[in-house]
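Biologist: I should like a close look at a single part of this structure, taken together with whatever surrounds it. Please set out the account in one connected answer.

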Amino acid sequence: MLAGDDPKWQCRFDFDLWQGPAPRMPYQSNLVHYNWHWFWHWGTSETCNNGTHEIDCCRWFLDVEYATKITSAGGRYAFTDDWQTPDTQIASFEFGNNKAITWEGRSCNVFPVEGAGRGFIIYGDKGTLVNDGNGDYKIFDEKNKLIKEVKSDVKADPNNPVSASGNLDLYHFQNFIQSIRGEAKLTAPVNEAYKSVLLCLLANIAQRTGKTLHCNPENGHILDDTAATKLWMRTYEKGWEPVV
């Protein structure tokens, strides 16, 4: 693809390189640069797009790692198009210690929950914490009385495909650079990020197979399900295979 009449400003889009580790497929419209999220060959659905962030926060608050049971329900309920991933989905994760996470994705409906388009709620036995997708949060006691409220200048925009979390990304970039320089400790090390992303990927497997997944609480691996286990790892383009 070439853009511009002046040779100085011409650029070429390399679709083969753009596909990265995915096995090569012919170019198709409605894919580049953002809509690849909604095709299983390249993407991982809304769970691993926006859901990752809130699920990560819930896992952090609950102090849990690997789920023992995962279910998912939903599908393409609202749109008729060539996209493959759900526009409506509810995924549940149980951790075997009286703790659970439920994530809801409604790409087809923007009605807010607790006044926000995204965020998370922690329901505890002594109160509730409500986050509206940015730095704001409220804490209520067991009688639903507001006991703490924190305001932030950062405003999340769930419809922004570049940075839905406002400028909060800058804090992560700064921490990453400072950690490389030895000036700080990583706030989101990859071994912790992996645990949160794994939950999202398992929700996708449960959705695609239509099965309840039972997993090893020590490492999150799927137990006794050959069909689901086949989706544990994708097929890679030759030369892009991961080093195990």
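Modeller: In this predicted model, Lys195 has a relative accessible area of 9%, so it is buried, the limit being under 20%. Its side chain nevertheless has charged partners. Lys195 meets Glu65 in a salt bridge with an N to O distance of 2.8 Å. That pair joins distant parts of the chain: Lys195 belongs to helix H4 (residues 190-209), whereas Glu65 sits in the loop between helix H2 (47-62) and strand S1 (69-75), and 130 residues separate the two. Glu65, with a relative accessible area of 40%, is partly exposed.

A further salt bridge of Lys195 is made with Glu192, where the closest N and O atoms are 3.0 Å apart. Here both residues lie in helix H4, at a spacing of 3 residues, or about one turn of the helix. Glu192 has a relative accessibility of 29% and therefore counts as partly exposed, since the class runs between 20% and 50%. Arg59 joins Glu65, Glu192 and Lys195 in a network of salt bridges. The structure as a whole holds 8 salt bridges. Another of them pairs Glu104 with Arg106, the closest N and O atoms being 3.1 Å apart. Both of these residues are partly exposed, Glu104 at 47% and Arg106 at 26% relative accessibility.

Arg59 leads back to helix H2, as Arg59 is one of the buried residues of that helix. Also among the buried residues of H2 are Thr47, Cys48, Asn49, Asn50, Gly51, Thr52, Glu54, Ile55, Cys58 and Leu62. The elements covering them include S2, S3, S4 and H4. H2 has a kink of about 35°, centred on His53. Its end C-alpha atoms span only 19 Å, where a straight helix of 16 residues would span 22 Å at 1.5 Å a residue.

The chain then enters the loop that carries Glu65. Just after H2, Asp63 adopts a positive phi of about 55°. Val64 lies in the loop between H2 and S1, and is buried, with a relative accessible area of 4%. Beyond its neighbours within four places in sequence, Val64 is in contact with Arg59, Phe95, Asn97 and Lys99. One of these contacts, Arg59, is also a member of the salt-bridge network. The C-alpha atoms of Val64 and Gly96 are separated by 9.8 Å, the two residues being 32 residues apart along the chain.

Phe95, a contact of Val64, also belongs to the largest nonpolar core. This core has 27 residues, and those touching the most other members are Ile70, Phe93, Phe95, Leu202, Leu213 and Ile222. Two or more residues each come from H2, strand S2 (88-94), strand S3 (100-106), strand S4 (120-124) and H4. H4, the helix that holds Lys195, gives the largest share of the core, 7 residues. Leu213 illustrates the surroundings of one core member: leaving out residues up to four places away in sequence, Leu213 touches Thr68, Lys69, Ile70, Leu202, Ile205, Ala206, Ile222, Asp225 and Ala228. A second, separate core of 5 residues includes Ala22, Leu31, Phe39 and Trp42.

Two members of that second core also form a ring pair. The centres of the Phe39 and Trp42 rings are 6.2 Å apart and their planes stand at 80°, so the pair is edge-to-face. Phe39 and Trp42 are both buried. A search of the whole structure finds 9 aromatic pairs. Another is formed by Phe15 and Trp18, whose ring centres are 5.5 Å apart with planes at 15°, so this pair is stacked. Phe15 and Trp18 both lie in helix H1 (residues 15-18), 3 residues apart, about one turn of the helix. Phe15 counts as buried at 9% relative accessibility, whereas Trp18 is partly exposed at 25%. Ring pairs also bring Phe13 and Tyr27 into a cluster with Phe15 and Trp18.

To return to the part in question, Lys195 is a buried residue that bridges to Glu65 and to Glu192, within a network that also includes Arg59.

Key:
Residues are numbered from 1 along each chain as its sequence is written. This is a predicted model: local features need pLDDT of at least 70, side-chain atom pairs count only at pLDDT 80 or more; totals for chains, interfaces and linings use all residues. Side-chain values use heavy atoms; hydrogens and water are left out. A salt bridge is a side-chain nitrogen of Lys or Arg within 4 Å of a carboxyl oxygen of Asp or Glu. Helices (H or I, at least four residues) and strands (E, at least two) are DSSP runs, numbered from the N terminus. Buried means under 20% relative accessible area, exposed over 50%, partly exposed in between (1.4 Å probe, protein chains only). A nonpolar core is a set of buried Ala, Val, Leu, Ile, Met, Phe, Trp, Tyr and Cys residues joined through side-chain atoms within 4.5 Å. Contact means heavy atoms within 4.5 Å. Rings of Phe, Tyr and Trp (its six-membered ring) pair if their centres lie within 6.5 Å; planes under 30 degrees apart count as stacked, over 60 as edge-to-face and the rest as tilted. The expected span of a helix is 1.5 Å times one less than its number of residues. The bend at a residue is the angle between axes fitted to the seven residues ending there and the seven starting there.
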